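Trainee: Could you take me through one part of this model closely? I'd like to look at the pocket and what sits around it.

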Amino acid sequence: MDSRSAYLCGLNWNYMKELFSVLVAICISTLAFSQTEPTPAAKGVTYGEAPTNKDAVTVDKMEQQVVADGSFNGKVTVKVTEVCQEKGCWMRVEKQNGETMLVRFKDYGFFMPKNIVGQTVVLEGEAKVKEVSVKQQQHYAEDAGKSKEEIEKIKTPKKETQFIAKGVLVL
C-alpha cells in the first residue's frame, strides 16, 4: 500500500469513527427524551387524540350500555383515583358504585402524568367487560406501589369493566 492509500484509509477510518460517535449520541439523546414524564395534568391538557367534552356521558350511563350491549364506544366523564407509578401506562377512575375502572391507552401510545390523580377527565374510546387474571391483577397492584402483603392477597381472577382510551382531556 502506498502512502496515499494509507492516508485515504486513515481518513475513512477517522470519518467512520466520527460518524459512529454522532449516531451513538443521537440514539442516547432520543432514549433520554423518550423517557421523560408526560406534560403535567392541567385544565385543557390532552393526551393521545384530543377529545372534547361534547357528548360525554356519565360513568353510570356508560356502565348501563356495557351491560346492555356488551361494550361502549364514546366519551365518558370520570375522576381519576390512581395512576401507574412506574410510567403512567394505566389509571383507575371512579365508578358511581364506589368501585374503580381500569383505563389503558390505545396501542400503548401515550402515558399519564402522576399528578393526574384527583382530576376529572373525559376519556374517549371503548369499554368492555374483561376477565383479569391473578397475575395481571398482581402486576397492576405492583405498578400501583401496593405492599407485598396486599399483592399476595390476590388469589382469584375477576371480571371488570375496562376502558381503552384513544384520548384523554383534563377538565
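Mentor: Here is the pocket first, then one residue in its lining, then the core and the confidence.

This is a predicted model, so local features need pLDDT of at least 70 and side-chain atom pairs count only at pLDDT 80 or more, while totals for chains, interfaces and linings use all residues. Residues are numbered from 1 along each chain as its sequence is written, and side-chain values use heavy atoms, with hydrogens and water left out.

The largest pocket has a volume of about 240 Å³. A pocket here is an open set of points on a 1 Å grid over the protein atoms alone, where a 1.4 Å probe fits, with protein on both sides within 12 Å along at least five of seven lines; lining residues have an atom within 4 Å of a point. The volume is the space filled by probe spheres set on the points, which are joined across faces, edges and corners.

Fifteen residues line this pocket, and Arg92, Gln137, Ala141, Lys146 and Ile154 lie nearest its centre. Strand 4, helix 3 (134–143), helix 4 (148–152) and strand 7 each give two or more residues to the lining, with helix 3 giving the most, three. Those elements are DSSP runs numbered from the N terminus: helices are H or I, at least four residues, and strands are E, at least two. By class, the lining has seven nonpolar, two polar and six charged residues; Asp, Glu, Lys and Arg count as charged, Ala, Val, Leu, Ile, Met, Phe, Trp, Tyr, Cys and Pro as nonpolar, and the others, Gly among them, as polar.

Now zoom in on Arg92, which is found in strand 4. Arg92 counts as buried because its relative accessibility is 11%, and buried means under 20% relative accessible area with a 1.4 Å probe, protein chains only. Leaving out residues up to four places away in sequence, Arg92 touches Lys79, Val80, Thr81, Glu82, Thr100, Met101, Leu102 and Glu160, where contact means heavy atoms within 4.5 Å.

As for the largest nonpolar core, it has 26 residues, and Met91, Phe163 and Val168 have the most contacts inside it. Such a core is a set of buried Ala, Val, Leu, Ile, Met, Phe, Trp, Tyr and Cys residues joined through side-chain atoms within 4.5 Å. Strand 3 supplies its largest share, five residues.

On confidence, the mean pLDDT (the predictor's confidence in each residue, from 0 to 100) is 83. Strand 3 is highest, at 96, and helix 1 (residues 3–34) lowest, at a mean of 55.

Methods:
Buried means under 20% relative accessible area, exposed over 50%, partly exposed in between (1.4 Å probe, protein chains only).
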